[in-house]
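User: I would like to learn how to read a structural model, going from the overall fold to helix packing and then to single residues. Could you take me through it step by step?

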Amino acid sequence: YSAPIELRNKISNSMQFIGEAIQGLTNISKTLNTDIIKDTGITKILSQEILRINSLKTTKINFIYNEEINDISPEIQLILFRISQEAIRNSIIHGHSENIELQMLLNSSLLNFVIKDNGIGFDTKILSEKKFSQGIKNIEKRINSINGTFSINSDKKAGTNILIQIPISK
């Protein structure tokens, strides 16, 4: 059984749009710096990118946050953006997720950052394999650089859930 040409074209176009969205995130990351974050705030920058990805109608991202996130140091906001970028990329490309939820909630002096998706998931035992987990290792390095903690839960066909907690001094 072979897919009709119309369906193959639709899939091809969707893949191209996803690639363009991910490239857009990468380009923003390269030009983004702490001055831009200080002026704009991470929630606005991420919201704009999420709106762009959602407009492709292949993956729906829901972003939940409180405004206090914009008050933390621009350096930490930049790291959060880069972690978000990597997590979204992993969810779309590797997880084939249709729904992703990003939560950034600052409670007292602890930032809870959760990334959940409904993708295909994976066996977390393979995280020790170098080629597979480079993106996750990048996330982990960034979290360690700001004294945060990181846990990841995933099951095949049940999606992935990442919990990051970062102490924030007032």
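Analyst: What follows is a short tutorial on this model, which is predicted.

User: Let us begin with the whole chain: how many helices and strands does the secondary structure come to, and in what order do the elements run?

Analyst: The chain holds 5 helices and 5 strands, and read from the N terminus the elements follow the order α-α-α-β-α-β-β-α-β-β. Of its 170 residues, 42% count as buried. Among contacts between residues at least 6 apart in sequence, 66% join residues at least 24 apart.

User: Where can I see two residues that are distant in sequence come together in space?

Analyst: Thr34 and Pro74 serve as an example, being 40 residues apart in sequence while their C-alpha atoms are 5.1 Å apart. Thr34 belongs to helix α2, residues 34-40, and, leaving aside neighbours within four places in sequence, Thr34 contacts Pro74, Glu75 and Leu78. With a relative accessible area of 24%, Thr34 is classed as partly exposed, since the class of buried residues requires a value under 20%.

User: How should I read the packing of two helices, and are α3 and α4 roughly parallel or roughly antiparallel?

Analyst: The angle between the helix axes gives the class, and an angle under 35 degrees counts as roughly parallel. The axes of α3 (residues 42-54) and α4 come within 10 Å and cross at roughly 20°, which means that α3 is roughly parallel to α4. Their crossing is right-handed. On the α3 side the contact is made by Ile42, Ile45, Leu46 and Ile53, and on the α4 side by Gln77, Leu80, Phe81, Ser84, Ile88 and Ile92. By class, the residues of this contact comprise 8 nonpolar and 2 polar, with no charged ones.

User: What does the crossing of α4 with α5 look like?

Analyst: The axes of α4 and α5 (residues 134-145) also come within 10 Å, but their crossing angle is roughly 160°, so α4 is roughly antiparallel to α5. Here the crossing is left-handed. From α4 the contact draws on Ile79, Arg82, Ile83, Glu86, Ala87 and Asn90, and from α5 on Gly135, Ile136, Asn138, Ile139, Arg142, Ile143 and Ser145. The residues of the contact of α4 with α5 divide into 6 nonpolar, 4 polar and 3 charged.

User: Now to a single side chain: is Ser91 buried or exposed, and which residue does its side chain join in a polar contact?

Analyst: Ser91 lies in α4, residues 74-94, and is counted as buried because its relative accessibility is 5%. The side chains of Ser91 and Asp117 are joined by a polar contact of 2.7 Å. Not counting residues up to four places away in sequence, Ser91 touches His96, Ser97 and Ile100 as well as Asp117.

User: Finally, which residues have a positive phi although they are not glycines, and where do they lie?

Analyst: The general idea is that most residues other than glycine have a negative phi. One case here is Ser108, with a positive phi of about 60°, and Ser108 is placed in the loop between β2 (99-107) and β3 (110-117). At 61% relative accessibility, Ser108 counts as exposed. Another case is Asn147, whose phi is positive at about 60°, and Asn147 sits in the loop between α5 and β4 (149-154). Asn147 is exposed, because its relative accessible area is 60% and the class begins over 50%.

Key: Residues are numbered from 1 along each chain as its sequence is written. This is a predicted model: local features need pLDDT of at least 70, side-chain atom pairs count only at pLDDT 80 or more; totals for chains, interfaces and linings use all residues. Side-chain values use heavy atoms; hydrogens and water are left out. Helices (H or I, at least four residues) and strands (E, at least two) are DSSP runs, numbered from the N terminus. Buried means under 20% relative accessible area, exposed over 50%, partly exposed in between (1.4 Å probe, protein chains only). A polar contact is a pair of N or O atoms within 3.5 Å; within protein, one must be able to donate a hydrogen and the other to accept it, and residues adjacent in sequence count only if both atoms are side-chain atoms. Contact means heavy atoms within 4.5 Å. Axes are lines fitted to C-alpha atoms, for helices over the stretch in contact, and angles run from 0 to 180 degrees between N-to-C directions. Angles under 35 degrees count as roughly parallel, over 145 as roughly antiparallel, 65 to 115 as roughly perpendicular and the rest as oblique. A crossing is left-handed if the near helix is turned anticlockwise from the far one by less than a right angle, and right-handed if clockwise. Ala, Val, Leu, Ile, Met, Phe, Trp, Tyr, Cys and Pro count as nonpolar, Asp, Glu, Lys and Arg as charged, and the others, Gly among them, as polar.
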